Every structure is written in structure tokens, then in C-alpha cells.
Amino acid sequence: MSDSYISRELSGLMVEQDLLLKWHERDLADIISDVGFSCLLCGRCCTTEFNGHVFLLDADAERVMAMDPSLLIPAPEFELADEEGNFYVSGYALTVREDGSCIFLADTRCRIYDERFTICRIFPYMLHREPDRRKNLEFRQISGLNEHGEYHCPISEDDALTFARETIAYEKAYLAQMIGFYQAVRALFEQKNTRHIRAVYDRRIQEFRKGAALVVYVWYLGSFVPVTVRREDYLGFGWP
């Protein structure tokens, strides 16, 4: 059974992957130097109000799994639902407190700063994806700016290049994980003779809001891991 939605998502991700190959570390380093971002230690980036959720690459999720598996949760806003009402998501996120703050945040300081996760290390230098006037997707420099910190501060050439390398490495790993997820779920759906159905997705989310448990299959280390969740698990995320 073909699934045009999954095919479209895969196609878009592969376009992003091709675009990323065109980014040169030195060009991004120049942009980072020009932005001159400096952290003011406000802690806002460590809250769901500001940043949604901390999506974990598999390598980061492995570290949390070894630390305490209860600190992991299927990333909010699940991507897919099959005909039976099971959900599928591309990875784990960190759990948060009910106020939306990161579980590792204490008085605006990170308790594991020296061992913080990949997305935290590169913040705020994630690359921003946006269609141009012809609706062709392109990376438009950096996202996550203008709402915290200060700018036009001096950054050494070596530091800017390090930030650029880490940012591009993260984006490559993120896209590889997303592409792997959609390829695997497409193969699974073909095997089960099912597909993604938006009406089922919406109905099950409504039931979720009313207290029903959901089974979410999390893409992790090349396999789908079933996790049962309830709405109260996501209170700090403000979702759904």
C-alpha cells in the first residue's frame, strides 16, 4: 500500500540533505562571527515556552537511557498514525517539569553543562529552513535568534569555526535520523499493509486529550520501541 504523505516527507528531507552539502564551514563561521551571539545566562532557552522541546539524537538518547530511562519521552507532536491508531515518532525528547523547564535546569544554570546534549551545544546556531519566493526550500542562516542574549560580541575565528562544524554535524545527524525514520516506517507500513491516515491521527489525539493512553513507536537505534503515554506525561510541553 503506497503512502504519498510519507513519500513527500522523505523527498523534502532529501532535498534538505542535498542543500546541507552546499554549506561550507567557513561560510557559516563568517555568519556566526557576524551575529556575535553571547549568552546572558537567562535560562529561557531551557524552557518549552521558548524552545518547544529538546529533541535528542540517538547518541544523546543513549546517554540518557544509561543515566535514567524515565527522563526520556517520545518527542511531542508525533509524525504518523496507522490505521489501528498506533503512533510513530522519529525520536525521544527530554522530559520537563510541569512548568516547562528542563529537568537539568537549576537557577538558570544547567547541571550537566559540560556534558550537555548536542542540540544544547550548538544552540542557537541551528540552520533555519524556509521556502524562497519560488517555493524552493533553502537554509536561511540561523534560527533561534533575537529573543534572548546579546549580539555583535567578538567571537574568535577558531571558536566560530568550531561552532560551524558542530552545527553542520548536528544537522547532518538530525537529517539522517529523520530519513531513517521515514524509510523504516514506510517499509513497516508496506509489510503491515497499512498507511498514515490523518483522520485516525486526529481522532486518537482527541481521545488522548480526554485521558486515553496511546502506544507510540519511537525510532531509536534502528528499531521501533513501543512506549505507552498519557496526556499528563506532556503537561510541561503544553501539548497536545
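# A quick tour of the helices and the sheet

Let's start in a loop: aspartate 132 sits between β7 (127-131) and β8 (137-142). Keep in mind that what you're looking at is a predicted model. From that loop, we'll move on to an open sheet of four strands, the helix α7 that lies across it, and the long-axis geometry of α6 with α1 and with α2.

**The loop with aspartate 132**

- Aspartate 132 has a relative accessibility of 24%, so it counts as partly exposed.
- Pair it up with methionine 65 and you get 67 residues of separation in sequence, and 40 Å in space from C-alpha to C-alpha.

**The four-stranded sheet**

- Reading across the open sheet, the strands come in the order β2-β3-β9-β10, and their pairing is mixed.
- The edges belong to β2 (80-81) and β10; each has a single partner strand, so one side of each has no neighbour in the sheet.
- β9 (residues 214-220) and β10 (residues 223-229) run antiparallel to each other, joined by seven bridges.
- Those two strands make a hairpin with two residues between them. In the turn, leucine 221 has a positive phi of about 55°.
- Want some landmarks along the hairpin? Leucine 214 has valine 229 in β10 as its bridge partner, while tryptophan 219 stands opposite phenylalanine 224, also in β10.
- A handy thing to know when you look at strands like these: in a regular strand, side chains alternate between the two faces of the sheet.

**Helix α7 and arginine 204**

- Helix α7 lies across β2, β3 (87-89), β9 and β10, and runs at about 95° to β3.
- Arginine 204 belongs to this helix, which covers residues 198-209.
- Is arginine 204 buried or exposed? It counts as buried, because its relative accessibility is 15% and the cut-off for buried is under 20%.
- Leaving aside residues up to four places away in sequence, arginine 204 touches Gly85, Phe87, Ala213 and Leu214. Leu214 is the residue bridged to valine 229.

**Helix α1 against helix α6**

- Two packed helices are described by the angle between their axes and the distance between the axes.
- For α1 (residues 4-20) and α6 (residues 157-192), the angle is about 155° and the axes are 10 Å apart.
- That makes the two helices roughly antiparallel, because the angle is over 145 degrees.
- Their crossing is left-handed.
- Plenty of residues take part, including Ile6, Leu10, Leu13 and Leu20 from α1, and Ile168, Leu175, Tyr182 and Phe189 from α6.
- Sorted by class, this contact has 12 nonpolar, three polar and five charged residues.

**Helix α2 against helix α6**

- α2 (residues 25-35) crosses α6 at roughly 120°, with the axes coming within 8 Å.
- What do we call that arrangement of α2 and α6? The two helices are oblique to each other.
- This crossing is right-handed.
- On the α2 side, the contact is made by Glu25, Arg26, Leu28, Ala29, Ile32 and Ser33. Their partners on α6 include Glu157, Ala160, Phe163 and Ile168.
- By class, the α2 contact with α6 has eight nonpolar, two polar and four charged residues.
- Ile168 of α6 turns up in the contact with α1 and in the contact with α2.

Technical notes
Residues are numbered from 1 along each chain as its sequence is written. This is a predicted model: local features need pLDDT of at least 70, side-chain atom pairs count only at pLDDT 80 or more; totals for chains, interfaces and linings use all residues. Side-chain values use heavy atoms; hydrogens and water are left out. Buried means under 20% relative accessible area, exposed over 50%, partly exposed in between (1.4 Å probe, protein chains only). Contact means heavy atoms within 4.5 Å. Two strands pair if DSSP finds at least two bridges between them. Axes are lines fitted to C-alpha atoms, for helices over the stretch in contact, and angles run from 0 to 180 degrees between N-to-C directions. Angles under 35 degrees count as roughly parallel, over 145 as roughly antiparallel, 65 to 115 as roughly perpendicular and the rest as oblique. A crossing is left-handed if the near helix is turned anticlockwise from the far one by less than a right angle, and right-handed if clockwise. Ala, Val, Leu, Ile, Met, Phe, Trp, Tyr, Cys and Pro count as nonpolar, Asp, Glu, Lys and Arg as charged, and the others, Gly among them, as polar.
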